[in-house]
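Visitor: I should like to look closely at a single part of this structure, a sheet and the way its strands are arranged. Would you please guide me through that part and then place it in its wider setting?

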Amino acid sequence: MKVAVLGNSRYNGILKEQLSKEGLSTEFFENIDEIKSISGEAGAFLIKTQKNAVEAGYVIVAGDPSTLEDSSTAQESERQVVILLDYPEESPAYMTETALTKAIRLAGKQKKVFYLSKFMRISGNGLEELYKQARNMGVAFIRYTGIDISRDNCTGMFHLNISDGYDEIGIDTFSLIKTRAAGGNNAARLSGLLKFKLDKGTYASGSSYFLSPSVTSRKGVYFLDGASAGNLGEEIIRQIRFTVSEISSNSAKTCEQTEYAEVDPGKCAFCYTCYRACPHSAMIPDYGNSAMKNLNKACQACGICVSVCPADAIKIKGMDSVVKTVPNSLMVYCCENSGEIAVNRIADEIAGIFEKISIASVSCGGEISAEKIVDALKSYEKVLYVTCKDDACRHFDGNKRARLQTDRAKEMLRSAGLDDSRIVYMQVSHAMPNVLRDNIRDLVLQRQLPI
Ligand code: SF4
Ligand code: SF4
């Protein structure tokens with residue numbers, strides 16, 4: 001199986017070596033300006049250049065190192081500095097470390113430093129100590145959900161309007177230090193070729209990304225976020241190992257995709273709405289039929305296209321096994337900090353009521369994907385997902401991500417014509433077993449418990 005590597009990075013040699021150890025051959029496209037188009041799906045991509053067309057089973061985007069770019073207009077003399085990590089998800093450990101070190105250095109120079117990030121990364125060697133040091137030096141940490149940046153061309157002042165989902169605050173500064181998209185213009189060009197949408201001023205949109213180290217929202221496409229400038233860092237080696245082992249194990253699998261969207265060409269109005277909406281680039285135009293066509297291997301059966309199609313031309317195939325389940329059975333996913341403690345307190349009470357019940361604890365509510373929830377419905381009648389209350393989440397929005405995943409799972413059920421009330425999401429604290437028990441009675445059982 002061939003792997004196409006896009007981009008001219010310093011670690012291409014290591015990549016080639018690691019891939020060949022797994023018996024995978026490589027084709028490098030170092031000058032991405034020569035690429036005209038990338039089509040196909042995992043296992044069968046077609047990369048057309050100005051000279052030829054190459055088939056490859058997988059694509060790796062070899063991104064350049066991200067850096068902190070100083071956009072300041074009068075940095076040294078100004079007191080107020082903003083460091084902005086504009087990753088839509090968790091930033092790589094090396095970038096968090098770079099940003100924290102910079103924040104500490106600036107705070108040491110008596111600057112008032114604001115550290116803005118959508119997601120505060122906590123795992124990583126020594127990061128906890130850096131956070132502590134930064135806090136002790138007065139660095140202000142702000143977790144934002146949205147941000148507008150404008151600049152006064154006369155004064156050079158940046159105006160930042162920051163929202164955390166509840167409130168808005170404004171910061172004016174001459175000193176703005178932000179992450180620069182890996183690959184610079186290459187990132188924008190590659191995202192276009194791979195059909196990843198870019199949000200204004202950041203790498204990719206929330207639903208289609210190639211930012212999380214190694215994985216992307218498109219099956220078969222991987223993204224390596226080049227590690228810190230200078231030497232090859234631990235981070236990139238970790239990403240390379242992960243990517244190579246993923247490709248190696250995926251290429252060994254021969255299983256067919258069992259769930260995917262299917263377009264009825266007779267109903268399709270060829271309006272391109274699903275083509276634009278699909279976060280996994282799984283819809284392609286079928287000009288011969290004047291209708292959209294689904295790439296089954298790329299499709300993740302998320303149901304987004306079903307919900308946006310104005311012609312009701314799409315159905316999710318292969319969800320039959322979700323229909324046949326053990327009656328009166330319950331799968332509970334719960335956060336170890338809240339739901340697990342509460343569930344354990346009422347475990348005896350609910351155990352006698354269900355024919356079958358399983359309780360799985362997760363360290364962060366955001367761990368369980370919509371696909372996993374739907375998968376559980378193949379063995380259980382209902383799935384209950386219990387996380388911490390808003391603002392009590394220790395993992396920075398793990399509970400919100402859990403809610404998002406349950407919403408997505410419900411959407412998948414609806415798009416397959418199934419009952420979405422089989423999935424229930426709840427927030428409780430560890431001290432709310434009685435509330436949980438009552439909610440199980442009302443929402444999960446939809447009948448009275450003998451308690
Ligand atoms: S949204 Fe529906 S009608 Fe429009 S192209 Fe897709 S399948 Fe066809
Ligand atoms: S179900 Fe999801 S992944 Fe599949 S084509 Fe529709 S939007 Fe794309």
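**A sheet examined strand by strand**

Guide: Let us begin with one pair of strands in this predicted model. Strand β12, which covers residues 158-163, pairs with β13 in the antiparallel sense, and six bridges join the two. One of the residues to find here is N161, whose bridge partner in β13 is G170. In general, the strands of a sheet pair through backbone hydrogen bonds, in either a parallel or an antiparallel manner.

The pair belongs to an open sheet of three strands, which follow the order β11-β12-β13 with antiparallel pairing. At the edges lie β11 (146-151) and β13 (168-173), and each of these pairs on one side only. From one strand to the next, the twist averages 15°.

The confidence of the prediction should also be considered. The mean pLDDT of the protein chain is 78, and 78% of its residues reach 70 or more. Over residues 227-231, however, the pLDDT is below 50; this stretch has twelve contacts in the model beyond near neighbours in sequence. The pLDDT is also below 50 over residues 447-451, a stretch with five such contacts. Where pLDDT is low, the predicted coordinates should not be read in detail.

Finally, one may turn from the sheet to ligand 1. There are 13 residues around ligand 1, and those that come nearest are C268, C271, T273, C274 and C309. By class, its shell consists of twelve nonpolar residues and one polar residue, with no charged residues.

Note on methods. Residues are numbered from 1 along each chain as its sequence is written. Chains are lettered from A and ligands numbered from 1 in the order in which they are written. This is a predicted model: local features need pLDDT of at least 70, side-chain atom pairs count only at pLDDT 80 or more; totals for chains, interfaces and linings use all residues. Two strands pair if DSSP finds at least two bridges between them. Helices (H or I, at least four residues) and strands (E, at least two) are DSSP runs, numbered from the N terminus. Axes are lines fitted to C-alpha atoms, for helices over the stretch in contact, and angles run from 0 to 180 degrees between N-to-C directions. pLDDT is the predictor's confidence in each residue, from 0 to 100. Two residues are in contact if their C-beta atoms, placed from the backbone, lie within 7 Å. A residue is near a molecule or strand if its C-beta atom, placed from the backbone, lies within 6 Å of it. Ala, Val, Leu, Ile, Met, Phe, Trp, Tyr, Cys and Pro count as nonpolar, Asp, Glu, Lys and Arg as charged, and the others, Gly among them, as polar.
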